[in-house]
Amino acid sequence: MTEKVDCIIIGAGMSGLASGIRLSMYDKKVLILEKHSIEGGLNSYYSRGKRKFDVGLHALTNFVNPKDKGKPFNKLMKQLRIPYEEFKLSPQNYSLIQFPDKKLKFSNEIALLTEEIHQNFPTQIDGFIRLLDHIRAFDEVNLNNETVMAKTVVRNFISDESLIEMIFCPLLIYGSAWENDMDFSQFVIMFKSIFLEGFSRPEGGVRTILNLLLNKLKEAGGEIRYKSEVTRIISHNNKITGVEINHSHIIECDQVLSSMGLPETYGVVSEFETLSRPAVGKLSFCESILMTDKKPRDLGIDATIIFYNNRPHYLYQKPTTLFDKDSAVVCFPNNFLYDKFEDDTHEGVLRVTNIANFDLWNDLKSSEDKAHYKEQKEVVYQNAIEILKKCGLKSDYQMLFKDIFTPTTIKRYTQHFDGTVYGSTDKSRNGKTPIDGLYIIGTDQGFLGIVGSMLSGISMANLHILQGDLK
Amino acid sequence: MVTNEEVRAKVLDIIADIALDDDVTGIKDDVALREQLDLDSMDFLDIVMELKKRHKIEVPQEDYPRLASMQSCVEYLGPKFNQ
C-alpha cells in the first residue's frame, strides 16, 4: 500500500523542525525527511570523546528580554509555544569589529556601538543616527519588498567607506549569500538581529534548541525519518503528488515544504524543465574548532565574537585561494555572560571561521593524494593560531583538541551545492515556486540566521498551508 | 447550555496557551486584547485555529474583528458554542 501524508518537509534543520511543529500542532499529518542520522542541518553538533561541539551556531542573534514585545524572538516562542526560560539564553559580553586601524565594540545595547562610532568617526555620527531611525522604521519582512542593494541605501546616510565596511562586515559574514553587499531588506534583518537585538547563547549550545524543537514536534504528533534523502520531488501538471526517498520508496502528499535550498530543490523536481535555474551561491567557509586547557578570558580575551579583518578594504567574496587568510570570524563560546553551563569545564573553546573557495577544496578532496587536503587543513589551523594571536590571545596554553572543517565537509553534511552556507542569491521571498504545493523554507526563502530560519518555517507553514485551510 | 463564564474560560485557556509569557489573570473584558497582551495578527490566527481545533468553531475572516476584546469574544462565540 502506498504511504500517504498531508505534508512532507524536506530537512530537519531549524526551518523544517519549526514548520513541522506548526503543522502538526494543527493536526496535519506531517513527515520530516532528513538525509542524515541527526537533526540540525546547518546548525548541528557532534561529539569527539567526551567533548561536544556545535557546528554552525556561533551565537544566537535576535536576543531579547522577555519583556520586549513584538520582536522576532518573541514571535517565534509564541508560535512554537515554547516559554522564554526554556531557551536558557545567556547574553554576550561584547563583540568587536577589528580592522587594521580601527576597532568598534558593540554589545546588545546599541548605545555602545553609537558611542564607538562617535569616538572613531565623529563626522559620521549624525548620519549613523539617521540610519538607525530609517532601519527601525523599515518593514524588512514585508514579502513584497523590492530588491535594492544595501550599500546604495546606506551611502545616503554614511559617507565614510571604511565605516560602511565595518558596519557591513558582521552582517555580511553572518548571513549574506551575495558578495560584498546584500539586499537592503536582508541588511535590515541582519542589522536589527545583530546590532539592535544582539547575541546570546543557549546554555548547552545548539542542542538545547534542537531538543526543545524535537520535544515539541513529538508532543504535537509530527514524525521525523532520518537517513531519508529526497531523490525526487514528484509533480504532475505542475502540482505536487509526492516525493521519492533514497531512489526507491515513494510517499504521496499534497504539499512539500523544502529547506534544501532553491537550486537543490529544483534539481530534484521531476518537472524540472518547467523551472528556471537558480544561481548557486558562492560563499562557503572553513572553520578551526579548537580546545585549550584554559578559558579565553584567562588568556586575555573577554570579547564574545571578533570580526577580524587585516586588509585596508574588507572583502566578503569567494577567495581565489583555498581560504581568505586575512579575514575571519573568531568566536569564543565561553565568553557569554554566565559561563556556568552544565556542560562546561575549565577548558576553553575557540572557533576561527574563514571564507573559503569550494572548488579548490573540492579539487584537493577529489585528488588521489589525500595528503594535500590534510596539509592544507593544517595551513588553515596555523593561520587560525596567528589570527588568535593578533586578536590578543596569550600563548601560554596547551591545545587539547583541534578539528578543521572545509567547504567539502559542509557539502557532505548539508547537501548544499558548492557547500554554500547562506544559500543562493536567488531567494523565493514568498516561498512560492512554479509548482503548486511546493514551497521553499529556510535560507533560500530569505529570512536569515537561526531565529530567521525558524520564523521562515513558521511563516511559510502559516501562509501557504494553515491559512489556506481557513478559507 | 454553555454559560458566558464558561465561554470566557475556554477563550482564556486558548489565550493563555498562545501568550505563554503574559499574565492573563488580570485581563479586562472591555479593553482590546491587543492592548493588554503581546498579540499580533499571527496570534489572532492562532486563536481562530485553536477554536476550530478544540471546539470545532469556525470564524470566517470577516468576523475576526469580533474577537478584539474578551467581552466581544463572549458575545460572538457564546451562540456558536451553543449551536
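**Exercise 1. Find how far apart the C-alpha centres of domain 1 and domain 3 of chain A lie.**

Solution. The C-alpha centres of these two domains of chain A are 31 Å apart. To place them, use the bounds, which come from an automatic or database domain assignment: domain 1 covers 3-44 + 206-279 + 425-470, and domain 3 covers 282-414. Domain 2 takes 93-197.

A word on the model before going on. It is predicted, so local features need pLDDT of at least 70 and side-chain atom pairs count only at pLDDT 80 or more, while totals for chains, interfaces and linings use all residues. Residues are numbered from 1 along each chain as its sequence is written, and chains are lettered from A and ligands numbered from 1 in the order in which they are written.

**Exercise 2. Describe helix 7 of chain A, residues 184-197.**

Solution. Helices (H or I, at least four residues) and strands (E, at least two) are DSSP runs, numbered from the N terminus. Start with the axis: helix 7 of chain A has a kink of about 30 degrees centred on Phe191(A), where the bend is the angle between axes fitted to the seven residues ending there and the seven starting there. Next, check burial (buried: 20 or more other C-beta atoms within 10 Å of a residue's own, placed from the backbone). Twelve of the 14 residues of helix 7 of chain A are buried, among them Phe191(A) itself. Finally, step past the end: Gly198(A) has a positive phi of about 110 degrees.

**Exercise 3. Analyse the hairpin of strand 4 and strand 5 of chain A.**

Solution. Strands pair if DSSP finds at least two bridges between them. Here residues 44-48 and 51-55 of chain A pair in the antiparallel sense over five bridges. One of the partners to look up is that of Tyr45(A), namely Asp54(A). Two residues separate the strands, and Gly49(A) takes a positive phi near 65 degrees.

**Exercise 4. Work out which parts of chain B touch chain A.**

Solution. Count contacts first (C-beta atoms, placed from the backbone, within 7 Å): 13 residues of chain B meet 17 residues of chain A. Then assign them to elements: helix 1 (4-18) and helix 3 (41-55) of chain B each supply at least two residues. Helix 3 of chain B gives the most, with six residues. Last, sort this side of chain B by class: seven nonpolar, no polar and six charged residues.

Technical notes
Ala, Val, Leu, Ile, Met, Phe, Trp, Tyr, Cys and Pro count as nonpolar, Asp, Glu, Lys and Arg as charged, and the others, Gly among them, as polar.
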